[in-house]
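Let's take a walk through this one, starting at the metal site and then moving out to how the chain is divided up. Have the structure open as you read.

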Amino acid sequence: MTSDHKDEMLIDLESGSFRAEIFSSREIYERELENVFSKCWLFLGHETQLPNELDFLNTYMAEDPVILVRQEDGTFRAFLNQCRHRGMQVNQYDFGNSPVFACPYHGWTYGADGALINVPMEDSAFPKCFDKGKLGLREVPRLEIYKGLIFGNWDGDAESLTDYLGEAAYYIDALFDRSPAGVEVIGGIHKWTIDSNWKLGAEQFASDMYHVALTHGGVVEAMTPEDVPVDRRGFAANPGKQYSALKGGHGSGFYLSDGDDAIIASILGPRVGEYYNTTLRDQATRRLDRVRGELMGSQHMTVFPNFSFLAGINTVRVWHPRGPDAMEVWSFVVVPKDAPQEVKDDYRRGVERTFSPAGTFEQDDAENWLIIQNTLKGYQASKSMLNLQMGLGMASGGDPTFPGTVGSCYSEEAARGFYAEWQRLINENQ
Ligand code: FES
Ligand SMILES: [Fe+2]
């Protein structure tokens with residue numbers, strides 16, 4: 001690979017600036033596929049999306065199509081969705097249940113364990129040296145699970161998922177381990193493309209509370225019931241609370257609520273608001289701690305590189321890269337397994353209203369990202385330096401309550417952490 005950017009500082013963490021072309025350069029993108037997406041733990045699915053043996057889910061690791069399969073013994077394995085004959089996808093169903101994957105091109109058939117089990121005209125048309133045993137689907141060499149979240153890694157020598165998540169686990173638990181019955185995915189997966197670089201989504205969910213008041217201000221105002229006092233209206237009514245930049249490029253941010261999170265009721269409706277206030281908060285306080293149970297309302301998070309969620313609102317997403325200038329967003333909803341059905345339905349409807357492809361908040365964000373990407377078609381614009389200084393030098397570590405480097409939620413500390421890890425990886429082996 002040519003490396004026009006070899007040894008070049010793309011992210012200057014000391015001065016707080018970075019090259020705009022990290023969002024548009026094809027050469028940088030190729031390095032991401034090799035050094036980020038082939039080295040990091042990538043989210044594949046949630047256990048509850050494959051409840052039965054032989055359930056499968058088609059997903060992606062970056063641009064590579066991957067089939068996640070629950071085996072007959074209940075464990076999970078993941079395979080590259082590429083026939084070993086001419087490379088056709090052996091499975092084109094989004095999800096389902098099947099003991100075999102039969103390639104639609106010439107009929108090579110693979111078992112749920114990836115083994116090649118049948119080849120049409122094998123005896124009459126193939127030489128003696130043809131060995132089905134060596135032609136199983138390529139398996140993702142590492143697969144590990146954290147709190148129901150299934151991750152895969154192409155790097156067989158990668159550190160364990162637990163070590164990789166590190167400090168991030170505390171914040172992941174605030175959504176995925178807050179109720180004793182566990183959480184489950186409900187409904188299907190929304191999938192849509194945005195002609196913008198994947199990092200615009202991933203970085204925003206890691207770090208960016210700053211955009212909410214302006215980008216989403218109109219929606220927040222429109223959704224807030226009229227009887228909510230002015231000083232409690234909208235996200236801007238919660239200035240200066242917490243965010244955390246975490247080792248490994250993960251990032252999270254959240255407002256510390258006063259124990260009554262009006263934002264959740266505004267977005268998801270009064271039934272979910274009441275359930276949150278009367279049941280979920282107490283459950284999480286007992287299971288986790290008071291901070292995550294009572295205080296951490298409306299949390300955003302990215303697990304490096306491209307798995308994100310909003311706890312409280314409970315929308316979960318993956319930013320699958322599709323070239324330097326496009327991403328495919330996958331999004332679904334999780335709910336406490338033991339919530340009443342009408343509460344689950346309200347979660348789903350509330351997220352569809354706000355964070356689905358046609359959702360109010362989602363469209364606000366996509367509009368910004370699209371115009372940023374369009375601007376980068378300009379030569380001068382692509383060569384610009386952009387600013388990354390908010391909160392520079394103003395955060396501190398060692399907070400006994402919150403892992404990571406902690407400070408005001410109006411800071412880009414977590415974005416700097418995200419890009420520091422990104423830069424470290426893409427500069428490897430150059
Ligand atoms: S490409 Fe799959 S059988 Fe030929
Ligand atoms: Fe947003």
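## Around the iron

Is H216 buried or exposed? Keep in mind that this is a predicted model. H216 has a relative accessible area of 3%, and the cut-off for buried is under 20%, so H216 counts as buried. H211 comes out at 13%, so H211 is buried too.

Both histidines hold on to the iron ion (ligand 2) through their NE2 atoms, and D365 joins in with two OD entries, with distances of 2.1 to 2.3 Å. If you trace these donors along the chain, you get the spacing H-x4-H-x148-D.

## The geometry

So what do the angles look like? The four donor atoms subtend angles of 57 to 147° at the iron ion (ligand 2), which makes the arrangement irregular. To be called tetrahedral, four donors would need all their angles between 85 and 135 degrees. For reference, the ideal angle for four tetrahedral donors is 109.5 degrees.

## Two domains and what joins them

Zooming out, the protein chain splits into domain 1 (42-145) and domain 2 (167-426). Their centres, taken over C-alpha atoms, sit 34 Å apart.

Where the two meet, twelve residues of domain 1 touch 18 residues of domain 2. About 1200 Å² of area is buried between them, and carbon and sulfur atoms give 66% of that.

On the polar side, three residue pairs are in polar contact across the interface of domain 1 and domain 2. There is also a count of one salt bridge between the domains. As for salt bridges, the side chains of D94 and K191 form one at 3.7 Å, N to O.

How values were computed. Residues numbered from 1 in each chain as written. Chains lettered and ligands numbered in written order. Predicted model: local features only at pLDDT ≥ 70, side-chain atom pairs only at ≥ 80, totals over all residues. Heavy atoms only, no water. Donors = N, O, S within 2.8 Å, 3.2 Å for Na, K, Ca; no water. Tetrahedral: all angles 85-135°; square planar, octahedral: opposite > 155°, others 65-115°. Buried < 20%, exposed > 50% of the residue type's maximum accessible area, 1.4 Å probe, protein only. Domains from an automatic or database assignment. Contact = heavy atoms within 4.5 Å. Buried area = accessible area lost by both parts, 1.4 Å probe. Salt bridge = Lys/Arg side-chain N within 4 Å of Asp/Glu carboxyl O. Polar contact = N/O pair within 3.5 Å; in protein donor to acceptor, adjacent residues only side chain to side chain.
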